[in-house]
Amino acid sequence: MGKTISNKSLSVKVEPGNPSKILADSVFKNFFIEVYSMTAFTFRFFKEVWKPPYEINEILKQSFLIGYKSLPLIAITGFIIGLVLTIQSRPTLAKFGAESWLPAMVAVSIIREIGPVITALIFAGKVGSGIGAELASMNVTEQIDAMQVSDTNPFKYLVVTRILSATLMLPILTIFADVVGLFGSYMGVNIKGNVSAHLYFSQVFQSVTFEDILPAIFKTLFFGFAIGLIGCYKGYNSNKGTEGVGKSANSAVVFGSLMVFVIDMIAVQITSLLQN
Amino acid sequence: MKKNTTNKIKLGVFISIGILLLIVIIYFIGERQQMFRSTFRLTGVFRDIAGLQTGNNVRLSGVNIGTVEDISIISDTSVEVAIIIDEKAQRFIKKDAIASIGSEGLMGNKVIIINPGKGGMKRIRDNDVIATSLPIDIDSILTAFKKTIENTTSITSDLASMTKNIESGKGTLGRLIMDKEWRENFEATFINLKHGSNEFRVLMEKANNIDDIVVSVKETIKNTAEITANLSKITGNLEAGKGTFGRLLMDSTTAINIDSTFINLKEGTSGLKTLLEKAKTSWLLWGF
């Protein structure tokens, strides 16, 4: 196409076509190619995950990096979210004279929605971009190719371990975020009131049910899986070049965050369907 | 290698604490839903459950003792509600206990309130059916409240017109309050009444013994009762035509006889009269 346009002597004979149509065609093609290769990547993961060797040490190492190293960030975010949500909700509840409902309301909000989603977004920002950039730079420096040559399955060693670690670590991080968030909320309640920790947590557990916590924790498995998968896919299939690293990291975060919301929307539908 | 081991320990601690926290949360939620306690089950059939949901609390004397387990419609006028109650509360609930549906507040959740029943009855058992009463419906309260407000409005408007009349000196009360002449008359009347009552008191004191008076009044009443009884007897007899008077009043033959007697008497007297007049002129009786 570029040839046709640059070659001015032939431009009279060759139909230039509608440039916007050509662009749309290529966008569509690229989109479906992307969908295909991503689906293939996902199937490959499920195929490889059952096959030995299981690379337990690498999984533990990645879990340490992905899970343990993310804890301070997740804990601070959870604490702030709990505190801010409580302070923000107070005036609205005070209008109805229902300030005593503050712990119950904030607890349900944090455990059902805010805890899992905020944790997943932070996780996508930190871990998704990390995985994307790491694998992309390995790709650029041809380390992945070197692995293949040295009879090590790079998909198994790099991709499967990271996706599994991300899938398993996010639920645990979410539990930490929920608990720290509730402590933040407790402090928020006590800024303008005087509620004992015993009363606060008894009100929290009075309002929270298994229908709140179990689907919320369960959906974070899918969040973690999506973030790990997208990070690995973007890094593993990055362009060969230094800009490919940045691009992979960026698109891993953007697409990973978007997928978190999409999965959340599906999860809430399924949860409400099961509850009725 | 050493660093690797430290990292593994850190990861182990991280995962353990995370799972422990999840277990603690699940335990506390389960504790609230009576999951780890021995419980027993009761069912009650309500006509209307007023928005009760599964998981709502069950209360006895204001203490949460259980939760609503299941709600199912069994016919167009009855809803069966199954509740799970802590076994510790079983000994306080008797066979004649009554369950009703209340509310935690005007906007709060619904709760089942159990009235424990009388002391002498037997304890309620697992899977028993508990008696129920109709829930208090907010709508009916509001309807009653509306009626009360309407009544209050009419009462206050009446009061307003009354006070207006009083102020303008209309009616007895108004004139009493507002009219000086009336008020003075009233005061004079009260003074007279006071005097009168004083005199009455003196009079009563003068009476030797109030008891005697009461006894005599009693006797008088008794006599009066006897008299009236006799009277009624007499009138009864009269009506039945018994006795002279009765026959006089009621018996037609006697009446006719009396009539003819009177006619005869009349005739007799007129004959006597002429005889007397003749006798006056008669020489035989000259000088009388």
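In this predicted model, strand 5 (residues 98-103) of chain B and strand 7 (residues 128-132) of chain B run parallel, held together by two bridges. One residue to click on here is Ile98(B), whose bridge partner in strand 7 of chain B is Ala131(B). Ile98(B) also looks the other way: in strand 6 of chain B it stands opposite Asn115(B). That second pairing, between strand 5 of chain B and strand 6 (residues 110-115) of chain B, is antiparallel and counts six bridges.

Strand 7 of chain B has another parallel partner, strand 1 (residues 39-46) of chain B, with three bridges between them. Here Gly44(B) is matched with Ile130(B) of strand 7 of chain B. Elsewhere in chain B, strand 2 (residues 57-60) and strand 3 (residues 63-75) are antiparallel neighbours with four bridges, and Val58(B) has Gly66(B) of strand 3 as its bridge partner. As a reminder, the strands of a sheet pair through backbone hydrogen bonds, in either the parallel or the antiparallel sense.

Here are these pairings of chain B side by side.

| Strands of chain B | Sense | Bridges |
|---|---|---|
| Strand 5 and strand 7 | parallel | two bridges |
| Strand 5 and strand 6 | antiparallel | six bridges |
| Strand 1 and strand 7 | parallel | three bridges |
| Strand 2 and strand 3 | antiparallel | four bridges |

What do the seven strands of chain B close into, and in what order? They form a barrel with the order 1-4-3-2-6-5-7, and the pairing is mixed. From one strand to the next, the twist averages 40°.

**Chain B as a whole**

Chain B contains seven helices and seven strands. Along the sequence the elements read α-β-β-β-β-β-β-β-α-α-α-α-α-α. Of its 288 residues, 12% count as buried. If you take the contacts in chain B between residues at least 6 apart in sequence, 54% of them link residues at least 24 apart.

**Chain A**

Now to chain A, which has 10 helices and zero strands, giving the pattern α-α-α-α-α-α-α-α-α-α. Of the 276 residues in chain A, 39% are buried. Among its contacts with a separation of 6 or more, 86% come from residues 24 or more positions apart.

Helix 2 (residues 19-49) of chain A allows a neat check on its length. At 1.5 Å a residue, its 31 residues should span 45 Å, and the end C-alpha atoms are 44 Å apart, which agrees. Is helix 2 of chain A largely in the open or largely buried? Just one of its 31 residues is buried, so the helix lies largely in the open.

A helix pair is worth a look as well. Two packed helices are described by the angle between their axes and the distance between the axes. The axes of helix 4 (residues 71-95) of chain A and helix 7 of chain A come within 6 Å and cross at roughly 35°. This crossing is right-handed. The contact between helix 4 and helix 7 of chain A is made of 18 nonpolar, eight polar and no charged residues.

Another place to zoom in is Phe201(A), which sits in helix 8 of chain A. Phe201(A) has 17 C-beta neighbours inside 10 Å and therefore counts as partly exposed, since a buried residue needs 20 or more. Although Phe201(A) and Pro103(A) are 98 residues apart in sequence, their C-alpha atoms are 7.9 Å apart in space.

**Where the chains meet**

How many residues does each chain bring to the contact? Chain A gives 16 residues and chain B gives 14 residues. On the chain A side, helix 3 (56-66), helix 7 (154-191), helix 8 (197-207) and helix 9 (210-236) each supply at least two residues. Helix 7 of chain A has the largest share of that side, with four residues. By class, the side of chain A that touches chain B holds 12 nonpolar, four polar and no charged residues. Helix 7 of chain A thus appears in both settings: it crosses helix 4 of chain A, and it supplies residues to the side that touches chain B.

Notes:
Residues numbered from 1 in each chain as written. Chains lettered and ligands numbered in written order. Predicted model: local features only at pLDDT ≥ 70, side-chain atom pairs only at ≥ 80, totals over all residues. Contact = placed C-beta atoms within 7 Å. Nonpolar A, V, L, I, M, F, W, Y, C, P; charged D, E, K, R; others polar. Pairing = 2+ DSSP bridges. Axes fitted to C-alpha atoms, helices over the stretch in contact; angles between N-to-C directions. Expected span 1.5 Å × (residues − 1). Left-handed = near helix turned anticlockwise from the far one by under 90°.
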